[in-house]
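Welcome, and please open your viewer. We will take the tour one selection at a time.

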Amino acid sequence: MKVVSVVGARPQFIKAAPVSAELRKVADEYLVHTGQHYDEELSSTFFAELGIPEPDVNLGVGSGPHGQQTGRMLERLEVVLLAEKPDWVLVYGDTNSTLAGALGAAKLGLNLAHVEAGLRSFRRDMPEEVNRVLTDHLSDLLFCPTPRAVDNLAAEGITGGVLQVGDVMVDALEQVRPRLSAARAASLGAVPPYFAATLHRAENVDPPERLRAALEVLAAMPQPVFLPVHPRTAAALDRHGLTWPANVQALPPLGYLDMLSLVAHAEALLTDSGGLQKEAVLLGTKTLTLRDETEWVETLDGGMNSVVGLDPEAARAALESAIADPATGRLLFPPGAAAAIVAALRRPPSSSQQDPPSPPQESVPLDR
Ligand code: UD1
(Lines give C-alpha, C1' and ligand atoms only; values in the text may rest on other atoms or scores of the structure.)
Protein backbone atom coordinates (compact mmCIF):
# COMPACT_ATOMS: atom_id res chain seq x y z
CA MET A 1 0.00 0.00 0.00
CA LYS A 2 1.28 3.44 -0.89
CA VAL A 3 0.05 6.51 1.00
CA VAL A 4 0.79 10.14 0.23
CA SER A 5 0.45 12.13 3.46
CA VAL A 6 0.05 15.88 3.14
CA VAL A 7 1.12 18.21 5.97
CA GLY A 8 2.07 21.87 6.03
CA ALA A 9 1.26 23.66 9.27
CA ARG A 10 2.42 23.19 12.84
CA PRO A 11 -0.54 21.24 14.26
CA GLN A 12 -0.38 18.82 11.33
CA PHE A 13 3.18 17.81 12.13
CA ILE A 14 2.02 16.79 15.62
CA LYS A 15 -0.97 14.82 14.26
CA ALA A 16 1.06 13.11 11.54
CA ALA A 17 3.82 11.92 13.90
CA PRO A 18 2.02 8.92 15.46
CA VAL A 19 0.19 8.00 12.23
CA SER A 20 3.37 8.09 10.19
CA ALA A 21 5.14 5.85 12.72
CA GLU A 22 2.33 3.26 12.50
CA LEU A 23 1.97 3.59 8.76
CA ARG A 24 5.62 2.92 8.02
CA LYS A 25 5.41 -0.47 9.75
CA VAL A 26 3.11 -1.75 7.01
CA ALA A 27 3.06 0.67 4.08
CA ASP A 28 5.08 2.88 1.82
CA GLU A 29 4.53 6.48 2.94
CA TYR A 30 5.44 9.46 0.77
CA LEU A 31 5.39 12.56 2.96
CA VAL A 32 4.55 15.91 1.34
CA HIS A 33 5.27 19.16 3.22
CA THR A 34 3.42 21.97 1.46
CA GLY A 35 5.71 24.60 2.96
CA GLN A 36 2.79 26.57 4.46
CA HIS A 37 4.88 26.85 7.64
CA TYR A 38 8.56 27.31 6.91
CA ASP A 39 10.16 28.98 9.97
CA GLU A 40 12.37 26.54 11.83
CA GLU A 41 10.45 27.16 15.08
CA LEU A 42 7.14 26.41 13.36
CA SER A 43 8.30 23.46 11.31
CA SER A 44 11.63 21.59 11.54
CA THR A 45 11.72 21.69 15.37
CA PHE A 46 8.59 19.52 15.38
CA PHE A 47 10.03 17.01 12.93
CA ALA A 48 13.12 16.63 15.11
CA GLU A 49 11.32 16.41 18.47
CA LEU A 50 8.66 13.99 17.28
CA GLY A 51 10.99 11.86 15.17
CA ILE A 52 8.97 12.48 11.99
CA PRO A 53 10.82 11.33 8.88
CA GLU A 54 12.13 14.02 6.53
CA PRO A 55 9.48 15.01 3.99
CA ASP A 56 10.01 13.39 0.60
CA VAL A 57 9.19 16.72 -0.99
CA ASN A 58 8.64 20.28 0.21
CA LEU A 59 6.36 22.22 -2.14
CA GLY A 60 7.72 25.49 -0.76
CA VAL A 61 4.51 27.49 -1.12
CA GLY A 62 5.18 29.86 1.81
CA SER A 63 2.74 32.53 2.98
CA GLY A 64 0.17 34.42 0.94
CA PRO A 65 -3.51 35.20 0.58
CA HIS A 66 -5.75 32.14 0.86
CA GLY A 67 -6.45 31.71 -2.86
CA GLN A 68 -2.84 32.12 -3.85
CA GLN A 69 -1.50 29.88 -1.08
CA THR A 70 -4.05 27.11 -1.71
CA GLY A 71 -3.76 27.41 -5.50
CA ARG A 72 0.02 27.06 -5.41
CA MET A 73 -0.26 23.99 -3.24
CA LEU A 74 -2.82 22.40 -5.55
CA GLU A 75 -0.76 23.02 -8.66
CA ARG A 76 2.44 21.58 -7.15
CA LEU A 77 0.70 18.72 -5.39
CA GLU A 78 -0.97 17.52 -8.57
CA VAL A 79 2.45 16.86 -10.11
CA VAL A 80 3.42 14.74 -7.09
CA LEU A 81 0.16 12.79 -7.01
CA LEU A 82 0.34 12.01 -10.72
CA ALA A 83 3.88 10.69 -10.29
CA GLU A 84 3.27 8.73 -7.08
CA LYS A 85 -0.17 7.23 -7.92
CA PRO A 86 -0.93 6.42 -4.25
CA ASP A 87 -3.61 4.07 -2.95
CA TRP A 88 -4.56 6.76 -0.43
CA VAL A 89 -4.04 10.48 0.06
CA LEU A 90 -4.10 11.27 3.78
CA VAL A 91 -4.86 14.78 5.05
CA TYR A 92 -5.07 16.19 8.57
CA GLY A 93 -7.16 18.82 10.33
CA ASP A 94 -8.41 22.02 8.80
CA THR A 95 -5.71 24.19 7.28
CA ASN A 96 -5.23 25.38 3.72
CA SER A 97 -2.82 22.44 3.30
CA THR A 98 -5.70 20.08 4.21
CA LEU A 99 -7.97 21.59 1.57
CA ALA A 100 -5.29 21.54 -1.12
CA GLY A 101 -4.59 17.86 -0.41
CA ALA A 102 -8.29 17.06 -0.55
CA LEU A 103 -8.90 18.91 -3.81
CA GLY A 104 -5.76 17.46 -5.38
CA ALA A 105 -6.83 13.89 -4.57
CA ALA A 106 -10.49 14.34 -5.49
CA LYS A 107 -9.74 15.94 -8.87
CA LEU A 108 -7.53 12.99 -9.79
CA GLY A 109 -10.04 10.42 -8.54
CA LEU A 110 -7.67 9.19 -5.81
CA ASN A 111 -8.89 7.75 -2.52
CA LEU A 112 -8.91 10.45 0.15
CA ALA A 113 -8.82 9.95 3.92
CA HIS A 114 -9.29 12.77 6.46
CA VAL A 115 -7.89 12.60 9.98
CA GLU A 116 -9.93 14.75 12.40
CA ALA A 117 -13.09 14.65 10.31
CA GLY A 118 -16.45 15.96 11.47
CA LEU A 119 -15.38 18.84 13.71
CA ARG A 120 -17.52 21.94 13.31
CA SER A 121 -17.54 25.45 14.75
CA PHE A 122 -20.66 26.23 12.66
CA ARG A 123 -18.99 29.48 11.61
CA ARG A 124 -18.42 29.72 7.89
CA ASP A 125 -16.49 32.99 8.37
CA MET A 126 -13.57 30.92 9.76
CA PRO A 127 -11.18 29.67 7.06
CA GLU A 128 -10.74 26.45 9.06
CA GLU A 129 -14.50 25.71 8.91
CA VAL A 130 -14.56 26.06 5.13
CA ASN A 131 -11.55 23.77 4.87
CA ARG A 132 -13.15 21.15 7.15
CA VAL A 133 -16.52 21.08 5.46
CA LEU A 134 -15.11 20.83 1.94
CA THR A 135 -12.55 18.20 2.90
CA ASP A 136 -15.15 16.05 4.65
CA HIS A 137 -17.48 16.17 1.67
CA LEU A 138 -14.68 14.97 -0.63
CA SER A 139 -13.32 12.22 1.63
CA ASP A 140 -13.76 8.46 1.16
CA LEU A 141 -12.66 7.62 4.70
CA LEU A 142 -13.45 10.02 7.53
CA PHE A 143 -11.60 9.45 10.80
CA CYS A 144 -13.62 11.11 13.54
CA PRO A 145 -12.15 11.76 16.98
CA THR A 146 -15.49 11.91 18.83
CA PRO A 147 -19.10 10.65 18.66
CA ARG A 148 -20.19 14.25 18.16
CA ALA A 149 -18.01 14.51 15.06
CA VAL A 150 -19.79 11.43 13.69
CA ASP A 151 -23.14 13.13 14.40
CA ASN A 152 -22.01 16.34 12.70
CA LEU A 153 -21.22 14.40 9.54
CA ALA A 154 -24.53 12.52 9.65
CA ALA A 155 -26.34 15.87 9.89
CA GLU A 156 -24.68 16.81 6.59
CA GLY A 157 -25.65 13.49 5.02
CA ILE A 158 -22.22 11.87 5.31
CA THR A 159 -22.46 8.34 6.72
CA GLY A 160 -20.33 6.14 4.42
CA GLY A 161 -16.69 5.63 5.32
CA VAL A 162 -17.13 7.28 8.72
CA LEU A 163 -15.09 5.73 11.53
CA GLN A 164 -14.75 6.94 15.09
CA VAL A 165 -11.14 6.21 15.96
CA GLY A 166 -10.31 8.65 18.80
CA ASP A 167 -7.80 11.46 18.71
CA VAL A 168 -4.31 11.14 17.25
CA MET A 169 -3.15 14.04 19.44
CA VAL A 170 -3.56 11.75 22.47
CA ASP A 171 -1.10 9.34 20.86
CA ALA A 172 1.31 12.20 20.15
CA LEU A 173 1.14 13.53 23.69
CA GLU A 174 1.54 10.16 25.36
CA GLN A 175 4.66 9.59 23.25
CA VAL A 176 6.38 12.66 24.77
CA ARG A 177 4.81 12.83 28.25
CA PRO A 178 7.91 11.40 30.03
CA ARG A 179 10.01 14.20 28.51
CA LEU A 180 7.84 17.05 29.91
CA SER A 181 9.14 18.80 33.02
CA ALA A 182 8.97 21.83 35.31
CA ALA A 183 12.67 22.33 34.59
CA ARG A 184 11.87 22.88 30.90
CA ALA A 185 9.26 25.51 31.85
CA ALA A 186 11.69 27.14 34.29
CA SER A 187 14.33 27.34 31.56
CA LEU A 188 11.88 29.63 29.74
CA GLY A 189 11.62 31.80 32.88
CA ALA A 190 8.25 30.32 33.88
CA VAL A 191 8.33 29.51 37.60
CA PRO A 192 4.92 28.85 39.23
CA PRO A 193 2.60 30.53 39.83
CA TYR A 194 2.11 31.71 36.24
CA PHE A 195 -0.35 31.46 33.36
CA ALA A 196 0.41 30.12 29.89
CA ALA A 197 -1.26 31.66 26.85
CA THR A 198 -1.37 31.52 23.07
CA LEU A 199 -3.19 33.73 20.59
CA HIS A 200 -3.04 33.30 16.83
CA ARG A 201 -6.48 32.77 15.25
CA ALA A 202 -7.05 35.07 12.30
CA GLU A 203 -10.41 36.17 13.74
CA ASN A 204 -8.75 37.18 17.04
CA VAL A 205 -5.59 38.89 15.88
CA ASP A 206 -6.36 40.42 12.48
CA PRO A 207 -9.20 42.85 13.46
CA PRO A 208 -7.58 45.52 15.71
CA GLU A 209 -10.59 45.75 18.06
CA ARG A 210 -10.49 41.97 18.68
CA LEU A 211 -6.73 42.04 19.29
CA ARG A 212 -7.13 44.97 21.72
CA ALA A 213 -9.83 43.03 23.59
CA ALA A 214 -7.60 39.95 23.79
CA LEU A 215 -4.80 42.06 25.29
CA GLU A 216 -7.25 43.33 27.94
CA VAL A 217 -8.11 39.76 28.90
CA LEU A 218 -4.42 38.94 29.33
CA ALA A 219 -3.86 42.16 31.32
CA ALA A 220 -6.67 41.11 33.73
CA MET A 221 -4.76 37.99 34.81
CA PRO A 222 -3.41 38.20 38.38
CA GLN A 223 -0.04 36.56 37.63
CA PRO A 224 2.60 36.70 34.88
CA VAL A 225 1.40 35.32 31.55
CA PHE A 226 3.98 33.43 29.42
CA LEU A 227 2.96 33.67 25.78
CA PRO A 228 4.87 32.22 22.83
CA VAL A 229 4.08 34.59 19.97
CA HIS A 230 2.89 33.24 16.59
CA PRO A 231 4.31 35.23 13.63
CA ARG A 232 0.78 36.20 12.54
CA THR A 233 0.21 37.83 15.96
CA ALA A 234 3.59 39.58 15.98
CA ALA A 235 2.79 41.06 12.56
CA ALA A 236 -0.70 42.14 13.69
CA LEU A 237 0.66 43.88 16.81
CA ASP A 238 3.15 45.82 14.65
CA ARG A 239 0.51 46.69 12.10
CA HIS A 240 -1.90 48.05 14.71
CA GLY A 241 0.77 49.76 16.84
CA LEU A 242 -0.11 47.67 19.92
CA THR A 243 2.16 46.25 22.63
CA TRP A 244 1.83 43.40 25.14
CA PRO A 245 0.51 44.31 28.60
CA ALA A 246 3.15 44.61 31.34
CA ASN A 247 2.31 41.21 32.87
CA VAL A 248 2.82 39.35 29.58
CA GLN A 249 6.19 37.69 28.97
CA ALA A 250 6.35 37.32 25.20
CA LEU A 251 8.40 34.29 24.09
CA PRO A 252 9.41 33.11 20.62
CA PRO A 253 7.29 30.23 19.22
CA LEU A 254 8.09 27.08 21.22
CA GLY A 255 8.67 23.50 20.21
CA TYR A 256 6.26 20.76 21.31
CA LEU A 257 8.11 19.71 24.49
CA ASP A 258 8.66 23.26 25.75
CA MET A 259 5.06 24.24 25.01
CA LEU A 260 3.55 21.23 26.75
CA SER A 261 5.91 21.65 29.71
CA LEU A 262 4.85 25.31 29.99
CA VAL A 263 1.15 24.32 29.96
CA ALA A 264 1.58 21.39 32.34
CA HIS A 265 2.94 23.58 35.15
CA ALA A 266 0.72 26.65 34.62
CA GLU A 267 -2.11 27.72 36.96
CA ALA A 268 -4.28 27.88 33.86
CA LEU A 269 -4.01 28.23 30.08
CA LEU A 270 -5.59 31.00 28.02
CA THR A 271 -5.77 30.06 24.35
CA ASP A 272 -7.57 30.24 21.04
CA SER A 273 -5.86 27.07 19.79
CA GLY A 274 -7.97 23.96 19.27
CA GLY A 275 -5.19 21.48 19.96
CA LEU A 276 -4.01 23.11 23.17
CA GLN A 277 -7.50 22.97 24.68
CA LYS A 278 -7.30 19.18 24.54
CA GLU A 279 -3.65 18.97 25.50
CA ALA A 280 -4.35 21.06 28.61
CA VAL A 281 -7.10 18.63 29.68
CA LEU A 282 -4.71 15.72 29.21
CA LEU A 283 -2.10 17.55 31.27
CA GLY A 284 -4.58 18.49 34.02
CA THR A 285 -4.43 22.27 33.42
CA LYS A 286 -7.64 24.35 33.43
CA THR A 287 -8.26 26.34 30.26
CA LEU A 288 -9.99 29.59 29.37
CA THR A 289 -10.77 29.47 25.65
CA LEU A 290 -10.50 32.90 24.06
CA ARG A 291 -13.17 32.24 21.45
CA ASP A 292 -16.95 32.35 21.29
CA GLU A 293 -17.25 28.62 20.61
CA THR A 294 -15.13 25.49 20.48
CA GLU A 295 -15.12 22.53 18.12
CA TRP A 296 -13.86 20.39 21.02
CA VAL A 297 -17.04 20.57 23.09
CA GLU A 298 -16.01 17.43 25.01
CA THR A 299 -13.38 19.50 26.83
CA LEU A 300 -16.18 21.56 28.40
CA ASP A 301 -17.52 18.52 30.27
CA GLY A 302 -16.16 18.21 33.78
CA GLY A 303 -15.03 21.79 34.36
CA MET A 304 -11.61 21.69 32.68
CA ASN A 305 -12.35 24.22 29.90
CA SER A 306 -14.53 27.36 29.75
CA VAL A 307 -15.31 29.38 26.64
CA VAL A 308 -14.88 33.02 27.72
CA GLY A 309 -14.62 34.92 24.41
CA LEU A 310 -12.61 38.14 24.66
CA ASP A 311 -14.35 39.56 27.73
CA PRO A 312 -12.03 40.35 30.69
CA GLU A 313 -14.90 40.09 33.23
CA ALA A 314 -16.00 36.69 31.91
CA ALA A 315 -12.37 35.55 31.95
CA ARG A 316 -11.83 36.67 35.54
CA ALA A 317 -15.06 35.01 36.72
CA ALA A 318 -14.27 31.78 34.83
CA LEU A 319 -10.77 31.77 36.27
CA GLU A 320 -12.05 32.04 39.85
CA SER A 321 -14.51 29.20 39.44
CA ALA A 322 -12.00 27.09 37.50
CA ILE A 323 -9.40 27.39 40.24
CA ALA A 324 -12.01 26.63 42.93
CA ASP A 325 -13.24 23.58 40.97
CA PRO A 326 -11.53 20.34 42.04
CA ALA A 327 -11.77 18.88 38.48
CA THR A 328 -8.58 17.22 37.26
CA GLY A 329 -7.50 16.15 33.81
CA ARG A 330 -9.23 13.29 32.10
CA LEU A 331 -7.85 11.35 29.23
CA LEU A 332 -10.58 12.08 26.72
CA PHE A 333 -9.80 8.92 24.77
CA PRO A 334 -7.39 6.09 25.22
CA PRO A 335 -4.38 6.20 22.90
CA GLY A 336 -4.61 4.05 19.78
CA ALA A 337 -6.18 6.31 17.14
CA ALA A 338 -3.13 6.08 14.87
CA ALA A 339 -3.22 2.26 14.82
CA ALA A 340 -6.98 2.29 14.11
CA ILE A 341 -6.43 4.67 11.19
CA VAL A 342 -3.72 2.52 9.64
CA ALA A 343 -5.82 -0.64 10.08
CA ALA A 344 -8.74 1.02 8.26
CA LEU A 345 -6.51 2.21 5.40
CA ARG A 346 -5.34 -1.37 4.89
CA ARG A 347 -8.87 -2.65 4.31
CA PRO A 348 -10.10 -2.34 0.73
CA PRO A 349 -11.85 1.05 0.28
CA SER A 350 -15.22 -0.57 -0.46
CA SER A 351 -15.25 -2.58 2.80
CA SER A 352 -14.06 0.42 4.86
CA GLN A 353 -16.83 2.55 3.45
CA GLN A 354 -19.51 0.12 4.52
CA ASP A 355 -18.32 -0.06 8.11
CA PRO A 356 -20.77 1.38 10.61
CA PRO A 357 -19.32 4.01 12.96
CA SER A 358 -17.52 2.37 15.90
CA PRO A 359 -19.29 2.60 19.26
CA PRO A 360 -18.59 5.72 21.34
CA GLN A 361 -15.55 5.34 23.56
CA GLU A 362 -15.92 6.13 27.24
CA SER A 363 -13.60 8.76 28.65
CA VAL A 364 -11.29 7.13 31.14
CA PRO A 365 -9.73 8.70 34.22
CA LEU A 366 -6.20 9.93 33.63
CA ASP A 367 -3.57 8.50 35.92
CA ARG A 368 -1.52 11.57 36.79
C1 UD1 B 1 -2.57 28.21 10.01
C2 UD1 B 1 -3.97 27.59 9.92
C3 UD1 B 1 -4.61 27.55 11.30
C4 UD1 B 1 -3.70 26.86 12.30
C5 UD1 B 1 -2.33 27.55 12.28
C6 UD1 B 1 -1.36 26.93 13.24
C7 UD1 B 1 -5.08 28.03 7.75
C8 UD1 B 1 -6.17 28.75 7.07
N9 UD1 B 1 -4.85 28.36 9.05
O10 UD1 B 1 -2.74 29.56 10.44
O11 UD1 B 1 -5.82 26.83 11.23
O12 UD1 B 1 -4.27 26.95 13.60
O13 UD1 B 1 -1.79 27.48 10.95
O14 UD1 B 1 -0.24 27.75 13.37
O15 UD1 B 1 -4.43 27.19 7.16
N16 UD1 B 1 4.35 32.97 8.97
C17 UD1 B 1 5.69 33.04 9.27
N18 UD1 B 1 6.41 31.89 9.24
C19 UD1 B 1 5.87 30.69 8.92
C20 UD1 B 1 4.50 30.64 8.61
C21 UD1 B 1 3.75 31.78 8.65
O22 UD1 B 1 6.23 34.10 9.57
O23 UD1 B 1 6.59 29.67 8.95
C24 UD1 B 1 3.55 34.20 9.04
C25 UD1 B 1 3.32 34.83 7.71
O26 UD1 B 1 3.42 36.21 7.85
C27 UD1 B 1 1.88 34.47 7.37
C28 UD1 B 1 1.26 34.35 8.74
O29 UD1 B 1 2.30 33.90 9.61
O30 UD1 B 1 1.26 35.40 6.58
C31 UD1 B 1 0.11 33.39 8.79
O32 UD1 B 1 0.53 32.10 8.31
P33 UD1 B 1 -0.53 31.09 7.60
O34 UD1 B 1 0.12 29.80 7.36
O35 UD1 B 1 -1.18 31.77 6.46
O36 UD1 B 1 -1.66 30.91 8.69
P37 UD1 B 1 -1.57 30.64 10.27
O38 UD1 B 1 -2.05 31.85 10.98
O39 UD1 B 1 -0.27 30.07 10.68
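Which of the 19 residues around the ligand come nearest? Keep in mind that this is a predicted model. Select the ligand first, then show His37, Tyr38, Asp39, Glu128 and Arg232, which come nearest among the 19 residues around it.

**Polar contacts of the ligand**

Start with the side chain of His37: one of its N or O atoms is 2.7 Å from an oxygen atom of the ligand. Now move to Asp39 and display its backbone, where an N or O atom lies 2.8 Å from a ligand oxygen. Asn96 is the next stop, again with the backbone shown: an N or O atom there lies 2.9 Å from an oxygen atom of the ligand.

Switch on a surface next. On its own the ligand has 740 Å² of accessible area, and the protein covers 85% of that.

**The shell around the ligand**

Color the helices that supply the shell. The elements giving two or more residues to it are α3 (66-84), α5 (127-138) and α11 (231-240). If you color by residue class instead, you will find six nonpolar, nine polar and four charged residues in the shell around the ligand.

**The largest pocket**

Where is the largest pocket? It is the space taken by the ligand. Hide the ligand for a moment to look at this pocket, which holds about 1200 Å³ of space. Its lining counts 50 residues, and those closest to the pocket centre are Ala9, Pro11, His37, His200 and His230. You have met His37 already, as the residue whose side chain has an N or O atom 2.7 Å from a ligand oxygen.

Which elements each supply at least two residues of this lining? Select α1 (10-26), α3, α5, α11, α12 (256-264) and α13 (274-283) to see them. Pause on α13: the largest share of the lining, five residues, comes from this helix. By class, the lining of the largest pocket divides into 22 nonpolar, 16 polar and twelve charged residues.

**Two backbone stops**

Select Pro192 and Pro193 and look at the bond between them. A cis peptide bond joins this pair, with omega at about 5 degrees. Pro193 has its place in the loop between α8 (182-187) and β8 (195-197).

Finish at Glu116, in the loop between β5 (112-115) and α5. Glu116 is not a glycine, yet its phi is positive, at about 85 degrees.

Conventions: Residues numbered from 1 in each chain as written. Predicted model: local features only at pLDDT ≥ 70, side-chain atom pairs only at ≥ 80, totals over all residues. Heavy atoms only, no water. Near = heavy atom within 4 Å. Polar contact = N/O pair within 3.5 Å; in protein donor to acceptor, adjacent residues only side chain to side chain. Areas by Shrake-Rupley, 256 points an atom, 1.4 Å probe, with all protein chains shown as cover. 1 Å grid on protein atoms, 1.4 Å probe; cavity = no way out; pocket = protein on both sides within 12 Å on 5 of 7 lines; lining within 4 Å. Sits in = over half its atoms within 2 Å of the grid points. Helix = DSSP H or I, 4+ residues; strand = E, 2+ residues; numbered from the N terminus. Nonpolar A, V, L, I, M, F, W, Y, C, P; charged D, E, K, R; others polar. Points joined across faces, edges and corners; volume = space filled by probe spheres on them.
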